[in-house]
Amino acid sequence: MLTGAPLYRALLHLYPKAFRVHYGDDLTMHFADLVARDGPAAAWRRTALDLLVTVPRYRMESVMTSRRTTISLVSLVVALTAAAVGAFAAGFAPVGVIALVIAVALAVGERSRLARNMRPASREHHRRILRWAAVLGACAVASLAVGLMDLGDRDSWPAGRVIAYNLVFFSTATGALACIAASLRRPHTTTS
């Protein structure tokens, strides 16, 4: 009798990988028990309902981890700061002030979450953060040097180039400062 076990194992790939690795064998065994006890049609009805309810839930949980939320929050603060710099450079000071106030309010309002989740997990992660800080800092210095050399000899600075150089400089400098701030926190220590 055709039970559809290979199809069920394929459908398990709809779950996030961590969930699938941890529970995949148990779910497959449970499906085989359902088929043996209730028959294939009843097992598939129950399994289809379960998949429709649980797959979106576990996918959403995997997306809404604190690490991803922190990355999204940091990205939003950096983007707002870059937008504020761009607005100031383009002469739209009110827009720049609004974007900067929102960025600061987000950073201050979520400072405990940022501090907690930006703590390096291990010494290797701590070193990786420091390497990123060095790379981003070097990019900031290089973009500043290239911008000054390119624009220094001109009588008037083209607005597009000034904005582009400022965006690159301030986004890489902000990233470097964020990495340095994250590296100042001691890594979690694991006890053996």
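1. Helix 5 (residues 93-109) supplies the largest share of the nonpolar patch, namely five residues. The patch sits on the surface of this predicted model and consists of F88, V97, L100, V101, V104 and V108. Together these residues offer about 490 Å² of accessible area. L100, found in helix 5, has a relative accessible area of 34% and is therefore partly exposed. Patch members need over 30% relative accessible area, a cut-off that L100 passes with its 34%.

2. Helix 2 (residues 17-38) is not straight: at Y23 there is a bend of about 60°. The buried residues of helix 2 are F19, G24, L27, T28, F31, L34 and V35. Just after helix 2 comes G39, whose phi is positive, at about 95°.

3. The count of aromatic pairs is eight. One of them joins F19 and Y23 in a tilted arrangement, with 4.9 Å centre to centre and 45° between the planes. Both residues belong to helix 2, where they are four residues apart, about one turn of the helix. The two partners can be told apart by their accessibility: F19 has a relative accessible area of 14% and is buried, while Y23 has 38% and is partly exposed. The dividing value here is 20%, under which a residue counts as buried.

4. F31 and W44 make up an edge-to-face aromatic pair, 5.0 Å centre to centre and with 65° between the planes. The angle is over 60°, so the pair falls in the edge-to-face class. F31 lies in helix 2 and W44 in helix 3 (residues 40-63), so this pair ties together parts that are 13 residues apart in sequence. F31 is buried, at 2% relative accessibility. W44, at 22%, counts as partly exposed.

5. Ring pairs also build a cluster, which links Y15, F19, Y23 and Y58. The tilted pair of F19 and Y23 thus has both of its residues in this cluster. Y23 is also the residue at which helix 2 bends.

6. How many salt bridges does the structure hold? There is one. In this salt bridge the side chains of R37 and D38 meet, at 3.1 Å from N to O. R37 is exposed, with a relative accessible area of 56%, whereas D38 is partly exposed at 38%.

7. The largest nonpolar core contains 11 residues: Y8, L12, Y15, F19, L27, F31, L34, V35, A43, L51 and V55. At least two residues of this core come from each of helix 2 and helix 3. The most is given by helix 2, with five residues. Another core, of six residues, lies apart from this one and has I129, L136, A176 and A182 among its members.

8. Two residues of helix 2 recur in these points. F19 is a member of the largest nonpolar core and also of the aromatic cluster. F31 belongs to the largest nonpolar core as well, and its ring pairs with that of W44. Why is W44 not counted as buried? Core members must be buried, and buried means under 20% relative accessible area; W44 has 22% and is therefore partly exposed. W44 is thus absent from the core list, although its partner F31 is there.

Notes
Residues numbered from 1 in each chain as written. Predicted model: local features only at pLDDT ≥ 70, side-chain atom pairs only at ≥ 80, totals over all residues. Heavy atoms only, no water. Patch = residues over 30% accessible without salt bridge, like charges linked within 9 Å, V, L, I, M, F, W, Y side chains within 5 Å. Areas by Shrake-Rupley, 256 points an atom, 1.4 Å probe, with all protein chains shown as cover. Salt bridge = Lys/Arg side-chain N within 4 Å of Asp/Glu carboxyl O. Buried < 20%, exposed > 50% of the residue type's maximum accessible area, 1.4 Å probe, protein only. Bend = angle between axes of the 7 residues up to and from the residue. Phe/Tyr/Trp six-rings, centres within 6.5 Å; stacked < 30°, edge-to-face > 60°. Core = buried A, V, L, I, M, F, W, Y, C linked by side-chain atoms within 4.5 Å.
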